[in-house]
Structure formats: structure tokens, C-alpha cells
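Biologist: Could you take a close look at one part of this model for me? I would like to hear what surrounds it and how the neighbouring pieces fit in.

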Amino acid sequence: MKRLFFALWPEGIIRQQCVDIGKAILTEHARLVRPANIHVTLLFLGNIDPDKEERFKQALATVHVPRMTLCFDRLSFWKKSGILCLTTPNTCPEVETLAGMLSRLAGELGIKTDERPFKPHVTLAKKATKLTPLEFDPINWHSSSFCLVESVSCSNGIEYRIVEEWGGN
């Protein structure tokens with residue numbers, strides 16, 4: 001079994017912009033997300049057996065991935081989960097459609113997923129206890145691909161590894 005999720009993976013400059021904002025808000029009251037783990041979750045799958053993983057990949061073999069843009073211009077604090085993240089009040093129809101398609105496909109494959117509405121965000125820090133106000137230039141996250149990612153526990157924490165990528169042409 002693998003712990004899997006679908007995500008938008010950032011280009012280098014976008015990753016660095018997110019890291020810079022994270023460093024600017026870092027306090028003793030939060031733990032920064034590792035730079036290599038920065039992403040936008042499209043759909044969290046959880047622990048998936050190899051058969052369902054393969055069926056998901058086959059179902060996505062011919063998927064068309066459009067050009068997508070999200071503009072993250074707000075810093076949010078989700079007190080209940082202790083998350084500091086970048087958010088956007090504006091949705092991107094292409095991202096919404098992709099997340100919805102992945103959710104429907106998971107259901108067809110018998111994979112139970114979170115039923116809360118999709119809310120694009122970039123987690124910058126965890127175990128936060130407060131929001132540190134910060135002005136920053138909006139981050140325009142462009143993508144023409146998405147990834148299946150595995151969450152792996154390592155001796156130095158959690159590491160996210162791309163299993164497969166679709167689009168990017």
C-alpha cells in the first residue's frame with residue numbers, strides 16, 4: 001500500500017516564492033513545510049493498493065490537461081489544523097474541473113475521499129498557533145500538468161515523491 005495524492009507541482013521559481021514567504025512568516029510557533037514538499041493538493045487518496053493505483057493510472061492515460069493558473073494572494077491561518085497557507089478567493093475553472101474529475105474517478109474505483117469542497121491552497125507551515133501578517137506579491141501558479149505523489153515517511157520526516165505525471169506538453 002502507498003499513501004497517495006494528486007497534486008499540482010510547482011516550477012522552481014514558484015517553489016522559491018513560496019519558500020520565501022514561508023521564511024518571512026516563520027516564528028517559533030510553526031514548522032515550515034520542506035521546500036521539496038510544496039504543492040497544491042488536487043485530491044488526497046490515502047493508502048491505496050497497487051491494483052487500484054494501476055487502474056487509476058490506466059484511466060488517466062488519455063486525459064487532456066489544460067493550462068491552469070491559480071493566483072495565491074492571501075495568507076490564511078486554519079486554526080483547527082494549525083496550518084499557515086497561501087489561498088486564493090478566485091477559483092480556476094480548469095483546476096476545479098480537474099479536481100472534480102479525479103474525485104469522480106476515485107469514487108468509480110471504490111476509493112473513499114474527502115467530501116469537503118475543493119479549496120486550492122499551498123501549505124507553508126504546520127503546527128502554527130497564530131497568523132503573522134505579511135504583505136507579499138501574489139504568486140501566479142501556472143501549470144499544464146498534474147502528478148500522482150507518494151507520501152513516504154523517512155528518518156528526517158515526510159518526503160513527497162512523484163510517481164507519475166500527466167500533461168506538461
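Modeller: Happily; let me start with the word contact, which means heavy atoms within 4.5 Å. This is a predicted model, where local features need pLDDT of at least 70 and side-chain atom pairs count only at pLDDT 80 or more, while totals for chains, interfaces and linings use all residues. Residues are numbered from 1 along each chain as its sequence is written, and side-chain values use heavy atoms, with hydrogens and water left out.

The part I have picked is threonine 113, in the loop between α3 and β7. (Helices are DSSP runs of H or I with at least four residues, strands are E runs of at least two, and both are numbered from the N terminus.) Threonine 113 has a relative accessible area of 14% and is buried; that word means under 20%, exposed means over 50%, and partly exposed is in between, with a 1.4 Å probe and protein chains only. Neighbours within four places in sequence aside, Leu43, Phe44, Leu45, Ser103 and Ala106 are in contact with threonine 113.

Let us follow one of those partners. Phenylalanine 44 belongs to strand β3 and is partly exposed at 37% relative accessibility. Once residues up to four places away in sequence are set aside, phenylalanine 44 touches Arg3, Leu4, Phe5 and Thr113. Its C-alpha atom is separated by 9.8 Å from that of leucine 148, 104 residues apart along the chain.

Phenylalanine 44 also leads us to the largest pocket, whose volume is about 1300 Å³. Here a pocket is an open set of points on a 1 Å grid over the protein atoms alone where a 1.4 Å probe fits, with protein on both sides within 12 Å along at least five of seven lines; lining residues have an atom within 4 Å of a point. The 35 lining residues include Thr41, Phe44, Trp78, Arg116 and His121 as the closest to the centre of the pocket. Two or more lining residues come from each of β1 (2-8), β2 (31-32), β3 (40-48), α3 (93-108), β7 (121-126) and β10 (157-167).

Arg116 brings in the salt bridges, each a side-chain nitrogen of Lys or Arg within 4 Å of a carboxyl oxygen of Asp or Glu. Seven are present in the structure. Arginine 116 pairs in this way with aspartate 114, the closest N and O atoms being 2.5 Å apart. Arginine 116 is exposed at 63% relative accessibility, whereas aspartate 114 is partly exposed at 44%.

Strand β1 has a salt bridge of its own to show: lysine 2 is joined to glutamate 53, with 3.4 Å between the closest N and O atoms. Because lysine 2 lies in strand β1 and glutamate 53 in helix α2 (residues 50-59), the pair ties together parts that are 51 residues apart in sequence. Glutamate 53 is buried, at 6% relative accessible area, and lysine 2 is partly exposed, at 28%.

Lastly, β10 pairs with strand β9 (residues 145-154) in the antiparallel sense over ten bridges; two strands count as paired if DSSP finds at least two bridges between them. Two residues sit between β9 and β10 in the hairpin that they form, and valine 149 stands opposite isoleucine 162 in β10.

Conventions:
Grid points are joined across faces, edges and corners, and a volume is the space filled by probe spheres set on the points.
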